[in-house]
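User: I'm new to this and want to learn how the calls about a structure get made. Can we go through some together?

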Number of protein chains: 2
Amino acid sequence: MSQTMTSADLRARNLVRLLRAVHDAAAPFTRAEAARLLGIGRNTAAALVAELEQARLLHEVPAEAGGRGRPTTMLVPHPEGPLAFAVDFREDTWTLASVELGGAATELEGGEHDRTPRVFAEIRAAVARHETDRLAVLGFATSGPIRDGHRLHISHLGWDEVELGGLIGADWPTTVIDNDARLAGLAEARRGALRGRGTAMHFHIDFDIGGTLLIGGDAQRGAHNIAGEFGHMPLTGSALECMCGVRGCWSLDVGANALVRRFGARPGYGEGRELAREILRRAENGDTEAADALDANAAALGRGLGALANALDPEAISLSGLGVDLIRLRREVIEAHCAEGLMAFRRTDPPRIVAGTVGEAGPLTGAAEIAWDAILTEEWVRRRLQDA
Amino acid sequence: MSQTMTSADLRARNLVRLLRAVHDAAAPFTRAEAARLLGIGRNTAAALVAELEQARLLHEVPAEAGGRGRPTTMLVPHPEGPLAFAVDFREDTWTLASVELGGAATELEGGEHDRTPRVFAEIRAAVARHETDRLAVLGFATSGPIRDGHRLHISHLGWDEVELGGLIGADWPTTVIDNDARLAGLAEARRGALRGRGTAMHFHIDFDIGGTLLIGGDAQRGAHNIAGEFGHMPLTGSALECMCGVRGCWSLDVGANALVRRFGARPGYGEGRELAREILRRAENGDTEAADALDANAAALGRGLGALANALDPEAISLSGLGVDLIRLRREVIEAHCAEGLMAFRRTDPPRIVAGTVGEAGPLTGAAEIAWDAILTEEWVRRRLQDA
DNA sequence: CTGTTATGTTCTCACTGAGAACAAAAACTT
DNA sequence: AAGTTTTTGTTCTCAGTGAGAACATAACAG
C-alpha cells in the first residue's frame, strides 16, 4: 500500500497540493483562485497559506485590484524560501543555476571541462561557492543513460558505467539525476510545447537521438532507469553497424552523424558538429547535395516517428536540437514520411510534430523539475513545518 | 487538480484502499493483517470492515486458528456483493463470465457469431438472461483498436470504425471496453507473469502482434486509446506491404501469417490458423522446413523485442498466443536475437522473456480488471454506502 | 452616497483516525 | 490443570481537519 491516510496527512496533502499548484501554474494566482482551484473553502485556503507563509514556502503579495470585490493577494514563492540547484552537464561544458518554486531560474556559473569525471569536482566547487541556507535540493542533467539512477554510461566520452555515488557531493541535500534527453522532454511536458498533453513524446536530435515517453506530465524511466534509447531501434532499415553495438539503428540515418557521413566525414563529436551546421547552412542556400542530405535526414526522422506513433499513440511529438532545424526546413518531408509509416486508419489524425519551446534550456529546466519533484512531498513539507 | 480532500473523503479513500487490497491480494487475508497492510489501527480496520459488510461489499468468515492469539476473521467478497460481467469477444466466438471481487470468475455462456456487429445483440441477450441485481459493471474485450474508447476498428472483419455506443446495452450499468492484447497484458500484470513488475511489456502473438506497455500495473492507452500496435513498427526490415497500409511491419515476420506465408498459403484468419498449428507440429516432429520457418519467426521476434527493450527498458516481457509456443520451442533463438538487438551495455541484464501464465483467459481476465477498476472508486463506494 | 460583489475572518460542527486501556480467546508452559 | 503469553477485538477519549454559515471588509458601479 502506498500512503497511509490519517487526518493529519490530510493537511499535509492539501499543503502539497497548494504548493504544487503554485509551482505548476503558468501564471501566478490569488488566494481566492487557489481555493477554487483546489476545491476547498476560503477559510481552509487561508489556513494553508498561513502555514506555508510561516514555513517560508509561500509569500502573499497584494494583488492589483481587478474588478469588484475585496482585494486579495497573489501567491508567490517566498523570497527566503528553498531553492533548487540545477546542473546541466554536457559533453564539454556545464552550467549551474538556481531555481525557485515556480521555475524561475538564475544562472550562477558555468564552465568547460576536460571530458573526464574530474569535472564533478569542479561542479562541487561551484556548488560550494554558491551554497546558501536556502539550498534544498539538487538536480543533475547529464548526457548518457544512468543505470539504476547512479551508474553513468557515456560511450562517446569513454565513460563506462561511472559510479556517481562518489562524484556528487556527500554533504549535499537530496540530489537527483537523470539524462538530458529525458529531462528536455520533461521540461517540454511541464513548461513547454507538450504542456497539458496526456501522452506525448519528445526527441532530442544531436549526433544521436534520445527521447522519452511522457505520460501525464511524467517522463517514463523504465525498469532500470535506462528507457528512452529510441534512436537504437532499427526503424529505417540501415545496414550499418552502430556505435552502440547494434546493426541498423535509427540514429544512423537521423541526426548530425547521418548528415556528416554523407560528406565523407567520420561521425564524431568534435568538428562533426561544425560540419553539420555548415551543411544546414549550405542546404538553406540551395546547395543540392546538402539539401539531399537534409531531405534524407528528415525522411528517416518522419518514418521513425510514424512507427513510434503506431506503437505509443502520442498526441504530440516535440523535437529539440537538430530537430528544430529539421522542422523549420523540412516539415513537409517529415510529415509525409511520418504519414507513410502510420497505419492507414491513423492517418486522419496524425500526432502533431512541433518544435520544443524550452529550447537549449531543456535539460536544465528538466533537472530543476525533478529536483522540485523530490521535495514537493508530504514528508518534506511536514518536516519543514515542524522545523519552522 | 485531481481530487479534493475533505475529512469525509478520508473515510472513502480508506474504504477503497481496503477493497482494492482484497481485490488485488494473491491470497485472502485477515482483518488484523489488513490493518497492518493499510497502516491503520485495529479499531479503524474494524470500523471500515463493518461499513463494507453492511454495504455487502466484504464478508467476514472465521479464520482457522494459525498460532497464538485471539482468532480473527478472513476478509472475503460478500456472497451477495456486486458482480462484474466480463465479455471476451473474439473473431468468431464470444464468452460471457461473471467475476466477483478478487477475480474469481464463473463462465456464464458463450457462442459463435457471424462476424458482423449483429453479434452484439446476441451478447446483449445473453447478458439479459443472466442479469441480476448484483450486476454492477461490465467489461468488454474485443480484438482491434478502439479509438477514443468507442470506435472499434477490426480490419480483418471489415469493421471500419464501428460506433459502439449503439451496440452495447443502453440499460447497462457502467460499461468499459478495450482491446484483447492490451487486456491480456493487463491480466498478466495484475494476476500473472508480470505481477509486481514496475515496467513490463506484453505481446499477444496471433496472426498479428498486439501488445501493451505496462507501468505500475497499468496498461498504457495512448492519447486516443490506440496505443499498442507494436507489430506495425518496421523492426525486422521486411520489404512486404502490410494489411495495415505500411511497408515492413514487424508482424510480417512474426506470428501465424509469417509462418503460413512460407508455405505458400495466403495470410488469412480461417484455415490459416489450422496451417499454423500444423507447422508447429511438423517442426516439433523434425520437419526441417517447418523448423526453419519457426526459427525465422523466433529470430524476428527476438530482434524486435531487443529493439523495444532499448527504447522502453522493461523488466520483463511476457508473451501469449503463439508466443507461448515460440518460447517453449525456440527460447534460445529468441534470446540470442534479442541480445543482438540490445545495445551492448544492456546485454548483461536483458529483460526476462516469459510465457504468460493467465493464458487463454487473458482478455477475459483483463476485461474483468478494467470493470472492477471502474467501480473501485471513492465515488462509487460512497454511493453504495449511502444506498445501503 | 448607496448598493453590489468578491473576498477575508470567525465560529461551530460533524467526522476521522490515533492511541490507550481493557477484554477475549487461543496456544504455550510448567 | 492452571497460569502465562500472545494476538486480536472493543471501547472510550482526544486532537485535528475541512465544511458551512454568518458576518466583516474593501473595492467598484451607478
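User: What makes α1(A) stand out in the surface near DNA strand D?

Analyst: This is a predicted model, and in it α1(A) supplies four residues, the largest share of the surface near DNA strand D.

User: Why is the pair between A:R11 and DNA strand D called a polar contact?

Analyst: A polar side-chain atom of A:R11 sits 2.6 Å from a phosphate oxygen of DNA strand D. The cut-off for N or O pairs is 3.5 Å, so this one counts. A:R11 is also among the residues that come nearest to the strand, including A:N43 and B:R68.

User: How do you know that bases of DNA strand D are contacted as well?

Analyst: An N or O atom in the side chain of B:R42 is 2.8 Å from a base oxygen of DNA strand D. B:R70 reaches a base oxygen too, using a backbone N or O atom at 2.7 Å. Both pairs are within 3.5 Å, so both are polar contacts. Still, 70% of the strand's atoms within 4 Å of the protein belong to sugar or phosphate.

User: And DNA strand C: what makes B:G41 a polar contact there?

Analyst: A polar backbone atom of B:G41 lies 3.2 Å from a phosphate oxygen of DNA strand C. That is within 3.5 Å, so the pair qualifies. B:R11 has a polar side-chain atom 2.5 Å from a phosphate oxygen of DNA strand C, so that pair passes as well.

User: Which helix gives the most to the surface near DNA strand C?

Analyst: That's α1(B), with four residues.

Technical notes: Residues numbered from 1 in each chain as written. Chains lettered and ligands numbered in written order. Predicted model: local features only at pLDDT ≥ 70, side-chain atom pairs only at ≥ 80, totals over all residues. Heavy atoms only, no water. Near = heavy atom within 4 Å. Polar contact = N/O pair within 3.5 Å; in protein donor to acceptor, adjacent residues only side chain to side chain. Helix = DSSP H or I, 4+ residues; strand = E, 2+ residues; numbered from the N terminus.
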